[in-house]
Amino acid sequence: MPVAIRLYVRYVDRFNRRVGRIVMYLIFIMIGVLLYSSVSRTVLDQPLIWSVEVSQFLMVAYFLLGGAYSMQLDDHVRMDLFYTRWSVRTRAWVDVFTILLLIFFLVVLMAGGISSTSYAIKYGETNYSSWAPPLAPIKIIMTFGVLLMLLQSISTLIKDIARLRGEPLDEESLDEEQPS
């Protein structure tokens, strides 16, 4: 594989690994918000109108920003009915086919995300609730998460093609070729 492609895979994987490891702690912030809301409502008799929406926004960020990391670790959901019985080469062919479908889906999703985000920024879109938070920040995060998934999908596609060519790009082979 050319050096530029190896560098792409290395840097996309590293960036998504760092983002994923940071984002995984959002679950604790979300738990804290929901716990605070529960205590406020039951003990203090002061319901919070913002807590559910904040926890929903945190969950969206958690899933979308952590999706690329999950994909990188191959921890996403897969139907293993036939997959585990196939040879490495057959799995690579199926993975190439499915990743191409995923890339198409993510490109369409990215186009919609950019359109929706620009609308939210341009018109100051807010959520339809009594709290009415601005939606631009979460839409920016969502679009960025889709971008990370798209970049990771391309990295995964490159790794699958390399596996088909008999030149697997794993962590060790990428780290051995550190540019000086």
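**Note on the predicted model: helix packing, salt bridges and surface features**

1. Helices H1 and H6 pack with their axes 9 Å apart and at an angle of about 135°. The structure is a predicted model, and the remarks below should be read with that in mind. An angle over 145 degrees would count as roughly antiparallel, and H1 and H6 are therefore described as oblique to each other. The crossing that H1 and H6 make is left-handed.

2. A salt bridge also links this pair of helices: the side chains of Lys 159 and Asp 13 meet at 2.7 Å, taken from N to O. Since Lys 159 belongs to helix H6 and Asp 13 to helix H1, the pair ties together parts that are 146 residues apart in sequence. As for their surroundings, both Lys 159 and Asp 13 are buried.

3. Helix H6, which covers residues 136-164, also packs with helix H5, which covers residues 88-123; the two axes come within 8 Å and cross at roughly 160°. Because of this angle, H5 and H6 are roughly antiparallel to each other. The crossing in which H5 passes H6 is left-handed. One pair of residues may help in locating the two chain stretches on screen: the C-alpha atoms of Phe 105 and Leu 150 are separated by 9.3 Å, although these residues are 45 residues apart along the chain. Phe 105 is placed in helix H5, and with a relative accessibility of 48% Phe 105 counts as partly exposed.

4. Where does the pairing of Glu 125 with Lys 139 sit in the chain? The side chains of these two residues meet in a salt bridge, with 2.8 Å from N to O. Glu 125 lies in the loop between H5 and H6, whereas Lys 139 lies in helix H6, so the pair ties together parts that are 14 residues apart in sequence. Glu 125 is buried, at a relative accessible area of 18%, and Lys 139, at 15% relative accessibility, likewise counts as buried; for both assignments the limit to keep in mind is that buried means under 20% relative accessible area.

5. Within helix H6, Arg 163 forms a salt bridge with Asp 160, and the closest N and O atoms of this pair are 2.3 Å apart. Arg 163 and Asp 160 are three residues apart in helix H6, and are therefore separated by about one helical turn. The two partners differ in their exposure, since Arg 163 is partly exposed with a relative accessible area of 30%, while Asp 160 is buried with a relative accessible area of 4%. Salt bridges that share partners join Asp 95, Asp 160 and Arg 163 into one network. For the model, the count of salt bridges comes to five.

6. Turning to helices H2 and H3, their axes come within 9 Å and cross at roughly 170°. H2 and H3 are therefore roughly antiparallel to each other, and H2 passes H3 in a left-handed crossing.

7. Two loop residues deserve a look at their backbone angles. Most residues other than glycine have a negative phi. Asp 45, however, has a positive phi of about 55° although it is not a glycine. The place of Asp 45 is in the loop between H2 and helix H3, the latter running over residues 51-72, and Asp 45 is exposed, with a relative accessible area of 60%. Ala 132, also a residue other than glycine, has a positive phi near 55°. Ala 132 is found in the loop between H5 and H6, and with a relative accessible area of 30% Ala 132 is partly exposed.

8. Which residues make the nonpolar surface patch of about 430 Å²? The patch is made by Met 24, Tyr 25, Phe 28 and Ile 31. Of these, Met 24 is placed in the loop between helix H1, residues 3-23, and helix H2, residues 26-42. Met 24 is partly exposed, since its relative accessible area is 34%, and partly exposed residues are those between the limits of 20% and 50%.

Notes. Residues are numbered from 1 along each chain as its sequence is written. This is a predicted model: local features need pLDDT of at least 70, side-chain atom pairs count only at pLDDT 80 or more; totals for chains, interfaces and linings use all residues. Side-chain values use heavy atoms; hydrogens and water are left out. Patches are made of residues with over 30% relative accessible area and no salt bridge: like charges are joined within 9 Å, nonpolar side chains (Val, Leu, Ile, Met, Phe, Trp, Tyr) within 5 Å. Accessible areas come from the Shrake-Rupley method with a 1.4 Å probe; for residues, only the protein chains shown count as cover. A salt bridge is a side-chain nitrogen of Lys or Arg within 4 Å of a carboxyl oxygen of Asp or Glu. Helices (H or I, at least four residues) and strands (E, at least two) are DSSP runs, numbered from the N terminus. Buried means under 20% relative accessible area, exposed over 50%, partly exposed in between (1.4 Å probe, protein chains only). Axes are lines fitted to C-alpha atoms, for helices over the stretch in contact, and angles run from 0 to 180 degrees between N-to-C directions. Angles under 35 degrees count as roughly parallel, over 145 as roughly antiparallel, 65 to 115 as roughly perpendicular and the rest as oblique. A crossing is left-handed if the near helix is turned anticlockwise from the far one by less than a right angle, and right-handed if clockwise.
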